[in-house]
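Biologist: I would like to learn how to read a structure of this kind feature by feature, with the general idea set out before each particular case. Could we go through it slowly?

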Amino acid sequence: MAESRPRVSPGRVALYVTLALTSLVMVVPFVWMVLTSLKTPAEIASEHSGLLPSHWEFGNYVDAFKAAPFATYARNSFVIAISHTVLNVLVASMAGYALARIRFRGSDLIFYCFVAALMIPTYTKVLPEFLIVRFMPLAGGNDLFGQGGSGWLDSWWALIVPGAVTPFAVFLFRQFYLDLPVELEEAARLDGLGEFRIYARIMTPQVKPALTTVALLTFESSWNNFLWPLLVTRTDSLRVIQVGLSVFRTENGTHWHFLMAGTTLATLPMVILFLIGQRYFVQGFATAGLK
Amino acid sequence: MVAPALLHAALWIGLPVVAAVFLAFTSYDVLSAPKFVGLDNFRDMFGDAVFRKSILNTVVYTFFTVPFGMALGLLLALGLNAGLRARGVFRTAIFLPQVTATVAIALVWLWIYNPRNGLFTTLLSIFGVESPAWLASTTWAMPSVILVGIWQGIGMKMLIYLAALQNLPKELYEAASVDGASKVRQFFSLTLPLLKPATFFVLITSMITAFQSFDQIYILTDGGPANSTTMMTYEIYKSAFREFRVGYACAQSLVLFVLLMAFTLVNRRMMGGTRGHG
């Protein structure tokens with residue numbers, strides 16, 4: 001109530017209204033997606049259907065699972081996103097630690113290489129990456145020179161290995177490890193701990209925000225990735241959910257009720273993860289921006 | 001301990017970049033060995049009206065999504081920084097599209113733009129306005145794609161601005177208030193200059209993202225109608241994976257890279273060489 005809050009001014013009310021309207025605009029497409037996924041095909045086709053379904057058709061979700069192997073798509077996406085997350089956190093944190101904390105020859109050069117790698121557009125790399133996968137020696141029927149078979153195409157290797165470690169994660173970890181006090185490291189060294197144990201036992205527990213940030217960002221980009229899985233997979237059993245959705249669109253016209261059910265399912269895990277890890281997500285994006 | 005990451009980067013970033021540069025000067029269809037053709041690819045490219053169109057489209061798309069998105073993002077960040085209740089709810093709503101896959105978002109918008117009974121058509125018909133076939137019209141397809149781009153990207157821009165605003169030194173504002181500077185004056189003489197590093201960061205990252213837009217084009221328009229929404233990335237994809245002209249596609253991707261670098265350098269000059277700290 002306006003009376004109970006002394007600081008209500010017209011400007012503040014206008015601000016609330018503006019923000020509420022903007023939020024509405026941002027959320028409406030998601031609401032529309034869910035509502036459409038619960039309509040019957042007849043109602044979707046009708047020109048006079050309202051926003052709300054006249055009959056809530058929850059069966060669409062069951063039918064969508066029958067019409068396309070969504071369970072397989074979702075499982076594949078999960079396997080890939082989890083693998084990427086684990087590998088990136090592990091490998092990039094080690095590299096970040098080494099670059100921040102160990103003085104060795106060429107460490108500066110290596111660091112600048114990672115920074116340079118950050119700036120290379122996906123599209124400059126993606127074609128040769130595809131060729132490396134295609135001509136991977138001694139894989140998928142290829143001989144030693146990568147000829148004869150299909151290499152890593154249509155395999156878990158192609159889906160997981162090339163995108164596993166990101167220069168961005170290496171960079172972010174390095175920044176976090178740099179901020180730790182020297183005393184910690186020196187005390188551990190005096191206790192006779194080896195370098196790897198200092199990294200694993202002493203320093204890494206101190207950079208939990210970096211671990212969460214990298215884990216969330218990696219999972220997000222892996223789950224949302226489209227082009228790479230589209231390029232390297234052919235068979236349905238290896239399709240990821242984003243590619244599965246786009247394939248679904250072209251099969252004898254578009255079944256909007258299935259498609260929106262599928263899209264809702266593909267969106268849900270990220271929304272849930274975002275809502276649970278919101279604090280870290282927001283912090284992570286902000287830190288990633290300003291470090 | 002840096003070895004695994006370095007090996008990975010060497011194989012999946014270093015080697016591909018070297019290969020891309022090499023292949024750009026060859027004619028290569030994956031089946032037979034690459035053949036050196038000198039600058040032919042580059043000559044073909046600039047003789048190709050569709051590729052020229054795609055460069056123009058990419059620039060237009062970037063020009064509209066980036067500055068407009070940044071202005072909106074900054075305004076929202078300023079609003080959210082005013083110490084409101086429930087700002088967490090607003091922030092969450094505005095940021096939500098950012099964590100959602102572009103493919104999923106594009107599919108939903110495809111349905112919203114549906115000319116028969118999509119959300120837009122339905123809304124406009126309430127006001128008695130007949131809507132065009134958004135994505136099938138050469139006039140409206142690009143603005144429609146741009147709208148989706150702005151809508152999806154706003155959250156990230158807002159968030160970085162919000163983080164930067166929260167780090168601004170409060171004493172300066174107190175001093176300015178004591179000196180009698182108005183809120184508007186404070187914004188232009190204090191906030192904007194102090195936000196320069198954040199602005200530079202948002203500008204560069206948004207531009208890189210906009211220049212590389214692909215998923216939304218693939219889903220929404222397939223580059224059409226009549227190439228009105230095709231982008232450089234989409235042309236690269238077409239050359240490589242539909243026409244199997246890998247050398248040509250590599251040359252196109254080099255042009256994309258050079259353009260991105262040039263834009264970044266120009267911006268840096270214009271912003272007076274500001275960098276984010278660290």
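Biologist: Let us begin with chain B as a whole: what percentage of the 278 residues in chain B is buried?

Modeller: Please keep in mind throughout that this is a predicted model. A residue counts as buried when its relative accessible area is under 20%, and by that criterion buried residues account for 54% of the 278 residues in chain B. The chain has 13 helices and two strands, and its C-alpha atoms fill a box of roughly 75 × 60 × 35 Å along the principal axes.

Biologist: How should I read the contacts within chain B, and what percentage of them join residues at least 24 apart, among those between residues at least 6 apart in sequence?

Modeller: The general idea is to sort contacts by the separation of the partners along the sequence. In chain B, 67% of the contacts between residues at least 6 apart in sequence join residues at least 24 apart.

Biologist: Turning to single residues, is Thr62(B) buried or exposed?

Modeller: One compares the relative accessibility with the cut-off, and Thr62(B), at 7%, counts as buried because the limit for that class is under 20%. Thr62(B) belongs to helix 3 of chain B, which covers residues 49-80, and, when residues up to four places away in sequence are not counted, it touches Pro67(B), Met207(B), Ala210(B) and Phe211(B).

Biologist: Which class does Phe64(B), also placed in helix 3 of chain B, fall into by its relative accessible area?

Modeller: Phe64(B) has a relative accessible area of 34% and is therefore partly exposed, since that class lies between the 20% and 50% limits. Once its neighbours within four places in sequence are left aside, Phe64(B) is in contact with Gly69(B), Ile146(B) and Ile150(B). Sequence separation and spatial separation are worth reading side by side: Phe64(B) and Lys35(B) are 29 residues apart in sequence, and their C-alpha atoms are 40 Å apart in space.

Biologist: And what do the corresponding values look like for Gln283(A) in chain A?

Modeller: Gln283(A) sits in helix 15 of chain A, residues 278-290, and its relative accessibility of 42% makes it partly exposed. Between Gln283(A) and Ile202(A) there are 23 Å from C-alpha to C-alpha, with the two residues 81 apart along the chain.

Biologist: Which residues is Thr124(A) in contact with, leaving aside its neighbours within four places in sequence?

Modeller: Here the chain letters deserve attention, for the partners of Thr124(A) are Pro16(B), Ala20(B), Ser253(B), Leu254(B) and Phe257(B). Thr124(A) itself lies in helix 6 of chain A, residues 122-134, and is buried, with a relative accessible area of 2%.

Biologist: How is the packing of two helices described, and at what angle do helix 4 and helix 10 of chain A pack?

Modeller: One gives the angle between the axes and the distance separating them. Helix 4 (residues 70-101) and helix 10 (residues 195-203) of chain A pack at about 110°, with their axes 11 Å apart, which means that helix 4 is roughly perpendicular to helix 10, as angles from 65 to 115 degrees are classed that way. On the helix 4 side the contact involves Leu90(A), Ser93(A), Met94(A), Tyr97(A) and Arg101(A), and these meet Glu195(A), Phe196(A), Ile198(A), Tyr199(A) and Met203(A) of helix 10. By type, the residues of this contact divide into seven nonpolar, one polar and two charged.

Biologist: How many cavities of 30 Å³ or more are there, and which residues line the largest cavity?

Modeller: A cavity is a space where the probe fits but cannot get out, and the count comes to three of 30 Å³ or more, the largest with a volume of about 50 Å³. Its lining includes Pro29(A), Phe30(A) and Met33(A) as well as Trp109(B) and Trp151(B). Helix 5 of chain B gives the largest share, four residues, and the lining divides into eight nonpolar, two polar and no charged residues.

Biologist: Finally, what is the volume of the second largest pocket?

Modeller: A pocket, in contrast to a cavity, is open, and the second largest has a volume of about 1,400 Å³. Of its 41 lining residues, the closest to the centre are Leu15(A), Leu75(B), Leu76(B), Leu78(B) and Gly79(B). Helix 1 of chain A gives the most to this lining, with ten residues, and the lining residues divide into 28 nonpolar, eight polar and five charged.

Terms used: Residues are numbered from 1 along each chain as its sequence is written. Chains are lettered from A and ligands numbered from 1 in the order in which they are written. This is a predicted model: local features need pLDDT of at least 70, side-chain atom pairs count only at pLDDT 80 or more; totals for chains, interfaces and linings use all residues. Side-chain values use heavy atoms; hydrogens and water are left out. Axes are lines fitted to C-alpha atoms, for helices over the stretch in contact, and angles run from 0 to 180 degrees between N-to-C directions. Angles under 35 degrees count as roughly parallel, over 145 as roughly antiparallel, 65 to 115 as roughly perpendicular and the rest as oblique. Contact means heavy atoms within 4.5 Å. Ala, Val, Leu, Ile, Met, Phe, Trp, Tyr, Cys and Pro count as nonpolar, Asp, Glu, Lys and Arg as charged, and the others, Gly among them, as polar. Buried means under 20% relative accessible area, exposed over 50%, partly exposed in between (1.4 Å probe, protein chains only). On a 1 Å grid over the protein atoms alone, a cavity is a set of points where a 1.4 Å probe fits but cannot get out, and a pocket is an open set with protein on both sides within 12 Å along at least five of seven lines; lining residues have an atom within 4 Å of a point. Grid points are joined across faces, edges and corners, and a volume is the space filled by probe spheres set on the points.
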